[in-house]
Amino acid sequence: MTSPAVPASGTDTLPAPSPLGGPNLPQERRLVTAIPGPRSQELLDRKAAAVAAGVGHTVPIQAVAAGGGVVVDADGNSLIDLGAGIAVTSLGNAHPKIVAAVQAQVAQFTHTCFMISPYESYVAVAEALNRITPGDHEKKSALFNSGAEAVENAVKIARKYTGKQAVVAFDHGYHGRTNLTMALTAKSMPYKSGFGPFASEVYRAPMSYPFRDGLSGADAAKRAISIMDKQVGADNLAAVIIEPIQGEGGFIVPADGFLSALVDWCRANNVVFIADEVQTGFARTGAMFASDGFDIVPDLITTAKGIAGGLPLAAVTGRAEIMDASHAGGLGGTYGGNPIACAAALAAIDAFEHDGLIQRASELGAILTERLTAIQASDPRLGEVRGRGAMIAAEFVDPVTGEPDAALTASIAKACIGEGVIVLTCGTYGNVIRFLPPLSISDDLLGEGLDVLAAALSRT
Ligand SMILES: Cc1ncc(COP(=O)(O)O)c(C=O)c1O
């Protein structure tokens with residue numbers, strides 16, 4: 001195999017960034033080459049030669065600019081963005097408030113390490129998270145770099161507080177790719193296969209998945225609690241961790257009453273209830289947090305993704321007495337709560353609170369649900385449309401057997417991407433297309449993206 005030519009300098013072969021960054025990009029789907037075009041293909045060839053094979057990619061382009069509801073590639077194609085970098089750029093890419101906050105901070109100082117020389121923005125992010133997360137009890141927060149790191153720390157904190165070790169996670173759950181979070185994650189391929197052994201004292205309970213189990217929330221909770229009670233034992237159980245709406249698992253919305261029954265059981269048994277809101281947080285579901293929409297108050301909540309407009313930041317927020325269980329020095333890390341990420345988070349949280357984004361998520365959700373439900377009415381391969389706010393999924397099945405249809409799902413997604421619409425798949429069975437548009441997308445662009453999807457489905 002011949003190696004691709006090495007560029008004289010790392011950036012020599014890259015096109016200049018678009019002068020129209022962020023929300024000023026023309027809001028249109030525009031295809032000027034096949035996907036991938038030649039410049040994108042050149043980068044993908046270099047990626048194959050230089051980047052570890054385990055780091056995959058979904059959309060075969062070289063991104064050079066993004067904003068509003070589009071991602072622009074190096075060949076001049078403009079793709080409709082229905083993924084927001086996996087629910088991260090909820091405000092829209094390169095949002096002006098984020099850009100201004102980051103530019104100001106980066107010129108001031110880039111790092112001191114909060115554990116060495118504390119700074120104000122970290123504390124302000126903690127104060128904001130303590131204020132906006134569910135419940136009006138006294139709360140504290142700690143900041144980290146990624147969703148998986150937040151989950152790891154939530155489990156550490158729960159163990160320290162309860163003096164117990166076991167953790168229960170759920171079927172279809174996804175919590176990350178580090179060793180403990182792989183153990184918490186349900187799906188083997190691609191997340192876990194060959195990467196064991198996994199962390200011990202992790203147990204799995206059945207999720208409420210109304211489309212597939214047909215159970216009421218109360219019955220699904222009874223089934224899960226029986227396993228926690230009989231197979232783990234409350235005396236051994238430090239924490240239950242659950243995504244209020246499962247993300248990678250297929251945007252599974254539990255039946256009403258399921259989550260509240262789990263919370264009640266945890267509270268009665270000195271078990272810390274952790275809501276993993278890494279994907280569902282920050283206006284995404286038409287509420288500031290999905291827990292709000294289910295009327296539950298978690299003991300601890302993990303956040304990341306949408307928190308800082310694309311900069312790496314994550315948090316654990318929760319009851320002060322639980323968060324304070326750790327000795328000094330037991331939590332933290334070199335970069336956790338980096339000042340640039342904190343500046344971005346303060347700008348992002350300000351926008352989530354004041355720019356009508358919760359309302360906008362609900363509006364986008366209504367458009368998605370109405371359109372997908374209409375498609376479902378004429379095509380029984382679309383088995384279920386579900387989700388909340390701007391976190392909506394379409395589950396594809398064999399209409400006769402109800403079995404998951406991963407091949408159909410993959411070919412629709414591939415067709416959409418080839419026609420300039422970024423869609424992501426998910427689900428334990430790989431048969432779900434998930435819609436996570438940036439909340440800055442226009443109705444028209446979202447509608448056009450769904451037109452492309454409908455046409456792809458009818459051709460497949
Ligand atoms: C619910 C949930 N938890 C944890 C994670 C892991 O986050 P990260 O990829 O930032 O480590 C994810 C990522 O998709 C997630 O959706």
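What follows is a walk through the fold, the backbone oddities and a few picked-out residues of this chain.

The structure is a predicted model, in which local features need pLDDT of at least 70 and side-chain atom pairs count only at pLDDT 80 or more, while totals for chains, interfaces and linings use all residues. Residues are numbered from 1 along each chain as its sequence is written, and side-chain values use heavy atoms, with hydrogens and water left out.

Starting with the overall picture, the chain holds 15 helices and 15 strands; both are DSSP runs numbered from the N terminus, with helices being H or I of at least four residues and strands being E of at least two. Its radius of gyration is 22 Å, close to the 23 Å that the globule rule gives for 460 residues, so the chain is as compact as a globular protein of that length. Here the radius is taken over C-alpha atoms, and the rule is 2.2 Å times the number of residues to the power 0.38. Along the principal axes, the C-alpha atoms fill a box of roughly 60 × 60 × 50 Å.

As for burial, 53% of the 460 residues are buried, where buried means under 20% relative accessible area, exposed means over 50%, and partly exposed is anything in between (1.4 Å probe, protein chains only). The accessible surface comes to about 18,500 Å², and carbon and sulfur atoms account for 54% of that; the areas are from the Shrake-Rupley method with a 1.4 Å probe, and for residues only the protein chains shown count as cover. Contacts (heavy atoms within 4.5 Å) reach far along the sequence: of those between residues at least 6 apart, 74% join residues at least 24 apart. On the charge side, there are 33 positive and 46 negative side chains, with the centres of the two sets 4 Å apart. Lys and Arg count as positive, Asp and Glu as negative, and His and the chain ends are not counted; each charge is placed at NZ of Lys, CZ of Arg, CG of Asp or CD of Glu.

The backbone has some unusual spots. The loop between α6 (179-184) and β6 (202-205) holds proline 190, and the peptide bond leading into that proline from methionine 189 is cis, with omega near 10°. Proline 197 also lies in the loop between α6 and β6, and the bond from glycine 196 to proline 197 is cis too, with omega near 5°.

Positive phi values turn up as well. Cysteine 113, in the loop between α3 (96-108) and α4 (120-132), has phi near 75° despite not being a glycine, and it is buried at 7% relative accessibility. Histidine 172 sits in the loop between β5 (166-170) and α6. Its phi is about 70°, again positive in a residue that is not a glycine, and at 13% relative accessibility histidine 172 counts as buried.

Helix α9 (residues 258-268) shows a clear two-sided pattern. Phe258, Leu259, Leu262, Val263, Trp265 and Cys266 are its buried residues. They cover an arc of only 165° around the axis, which puts them on the same side of α9; the arc is that of the directions from the helix axis to the C-beta atoms. As background, an α-helix has 3.6 residues a turn, so residues three or four places apart point the same way. The buried residues of α9 pack against β5, α8 (217-232), β7 (237-242) and β8 (272-276), whereas Asp264 and Ala268 are exposed on the other side of the helix. After α9 comes asparagine 270, with a positive phi near 55°.

Helix α13 (residues 357-378) includes serine 362, which is partly exposed at 34% relative accessible area. Leaving aside neighbours within four places in sequence, serine 362 is in contact with Gly286 and Gly389. Its C-alpha atom is 4.8 Å from that of glycine 286, although the pair is 76 residues apart along the chain. Serine 378, also in α13, is exposed, with a relative accessible area of 61%. From its C-alpha atom to that of alanine 94, the separation is 39 Å in space and 284 residues in sequence.

Proline 380 is in the loop between α13 and β11 (382-388) and counts as exposed at 53% relative accessibility. Not counting residues up to four places away in sequence, proline 380 touches Val397 and Pro399. The C-alpha atoms of proline 380 and proline 399 are 5.5 Å apart, with their positions 19 residues apart along the chain.
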